[in-house]
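User: Please take a close look at one part of this structure, and then set that part within the whole. Please give the cut-offs behind each term as it comes up.

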Amino acid sequence: MDSRTTGNAPEIVDLRSDTLTRPTAEMRAAMTAAEVGDDDYGEDPTVRALEAETAAALGKEAAVLTPSGTMANQIAILLHTRPGDSVICEDGAHIYVYETGGGAALAGVQFDLVPLAERMSDAAIEARCRPEQIHAATTTLLCVENTHNRAAGRVLAAREMARIAAKAQALGLRAHCDGARLWNAAVAAGEPEHALVAGYDTVAVCFSKGLGAPVGSALAGPAAAMNRVRKLRKRLGGGMRQAGVLAAAALFGLRARSRLAEDHRRAAALARGLQSLSTPARAIEVEISDPPTNMVYWRVQGADGDALAAALAGRGTRMLHVGGGWLRAVTHLEITDAGVERALECVGATIRE
């Protein structure tokens, strides 16, 4: 399914985010059939199965289910830092831009940003690492986002990820991967998830984006650290009861993650279609990761992004204006080939006005 209808309203192709997916009939059936218990007591068998399978996929000793990716990332920061520490991450990173100042409010840390163009180079990391001294906010943690949302879904392959982790280790830093879309990175790079995050102390992954589950993320790492993670989760209000109903949906998506290649193929087709609509009078810039994942960023030269997004929505195609005239389109399991074609028709009609 790629459209949404409300009464007699026109069909809508919703490309704003891969968080918009609704459980399929098969996923709902898995949720209904889930064996459950009290997860706060560690007694939910479906949650335990999800955590074990997630940890195995990531090559880590253990994993802990969390209600959201934001909570998983914030627990990781609390785990690895002390108030007053500094954290290195890239400009536009989710933990810096989209988590409501959680790093400062909850963990009392500050962030030192690496420009996206520097791709977390060794020199860029070293330049932003603050050593232990009386005047400095000592750097204790490095975070990398893979795929990187604000970099058009950019993929860091295993070789790059290993280099970044090795540099962090050489500088005496802990390393955390915000892998909300790590499943996409693995499919795009043609490398298993555990190879991408082998050198990282902790990894956060999300089940409610490309995998299509309605709720849920996980934080994985050493078993001893996960004991602390459970306490931090409880402190933040993330302890759950019969969470196996949600874990069953996450397991269903996890086991079907190879289908993400279809999302990537459709995003690439959308990018090519947008490029074909560019004219000297209405030049269109398009950004997509190489290799492609499920995100396309684009803008029309001189166009107001909010107005363009509103005009497209009026024709039945929703995309997200992320600033500077750039619109983000994200393919997901509810977007078909026909949905991509309809979106391109809407864009073409809109920019010809």
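Analyst: A residue is called buried at under 20% relative accessible area, exposed at over 50%, and partly exposed in between, with a 1.4 Å probe and protein chains only. The model is predicted, so local features need pLDDT of at least 70 and side-chain atom pairs pLDDT 80 or more, whereas totals for chains, interfaces and linings use all residues. Numbering starts from 1 along each chain as its sequence is written, and side-chain values use heavy atoms, without hydrogens or water.

The part chosen is helix α8, which spans residues 182-189. Helices (H or I, at least four residues) and strands (E, at least two) are DSSP runs, numbered from the N terminus. Of the eight residues of α8, six are buried, so the rest of the structure largely encloses this helix. The buried residues are Leu182, Trp183 and Asn184, followed by Ala185, Ala186 and Ala188. The cover over these buried residues includes two strands, β7 (174-179) and β8, together with the helices α2 (45-58), α9 (193-196), α11 and α12 (260-276). Just after α8 comes Gly190, whose phi is positive, at about 70°.

Two of the elements that cover α8, namely α11 and β8, lead to further parts of the chain. Helix α11 (residues 244-255) packs against helix α1 (residues 25-32) at an angle of about 140°, and their axes lie 8 Å apart. Here axes are lines fitted to C-alpha atoms, for helices over the stretch in contact, and angles run from 0 to 180 degrees between N-to-C directions. On the α1 side, the contact (heavy atoms within 4.5 Å) is made by Glu26, Met27, Ala30 and Met31, and on the α11 side by Val245, Ala248, Ala249, Phe252 and Gly253. By class, the residues of this contact comprise seven nonpolar, one polar and one charged. In this scheme Ala, Val, Leu, Ile, Met, Phe, Trp, Tyr, Cys and Pro are nonpolar, Asp, Glu, Lys and Arg charged, and the others, Gly among them, polar.

Strand β8 (202-206) is followed by a loop that runs to β9 (217-221), and Gly212 is found in that loop. Gly212 has a relative accessible area of 1% and is therefore buried. Beyond its neighbours within four places in sequence, Gly212 touches Thr21, Pro23, Met27, Phe207 and Leu333. Met27 is also among the α1 residues that meet α11. Gly212 and Leu116 are separated by 96 residues in sequence, and their C-alpha atoms are 28 Å apart in space.

A second helix pair offers a further example of packing. Helix α3 (residues 69-80) and helix α10 (residues 223-235) meet at about 120°, with 10 Å between their axes. From α3 the contact takes Met71, Ile75, Leu78 and Leu79, and from α10 Ala225, Arg228, Val229, Leu232 and Arg233. Seven of these residues are nonpolar, none is polar and two are charged. Helix α3 also holds Gln74, which is buried at 3% relative accessibility. Apart from its neighbours within four places in sequence, Gln74 is in contact with Ile95, Glu99, Gly102, Gly103 and Leu106.

Several backbone features lie in loops. Thr100 is not a glycine, yet its phi is positive, at about 50°. Thr100 sits between α4 (94-97) and α5 (102-107) and is exposed, with a relative accessible area of 78%. Arg119 likewise has a positive phi, near 50°; its loop joins β5 (110-114) to α6 (122-128), and at 33% relative accessible area Arg119 is partly exposed. The peptide bond from Asn146 to Thr147 is cis, with omega near 0°, and Thr147 belongs to the loop between β6 (139-145) and α7 (158-170). Another cis bond links Asp290 to Pro291, with omega about 5°; Pro291 is in the loop between β10 (284-287) and β11 (295-300).

As for the whole, the chain has 14 helices and 14 strands. Its radius of gyration is 21 Å, close to the 20 Å that the globule rule gives for 353 residues, so the chain is as compact as a globular protein of that length. That radius is taken over C-alpha atoms, and the rule is 2.2 Å times the number of residues to the power 0.38. Along the principal axes, the C-alpha atoms fill a box of roughly 60 × 50 × 35 Å. Buried residues account for 53% of the 353 residues. Of the contacts between residues at least 6 apart in sequence, 73% connect residues at least 24 apart.
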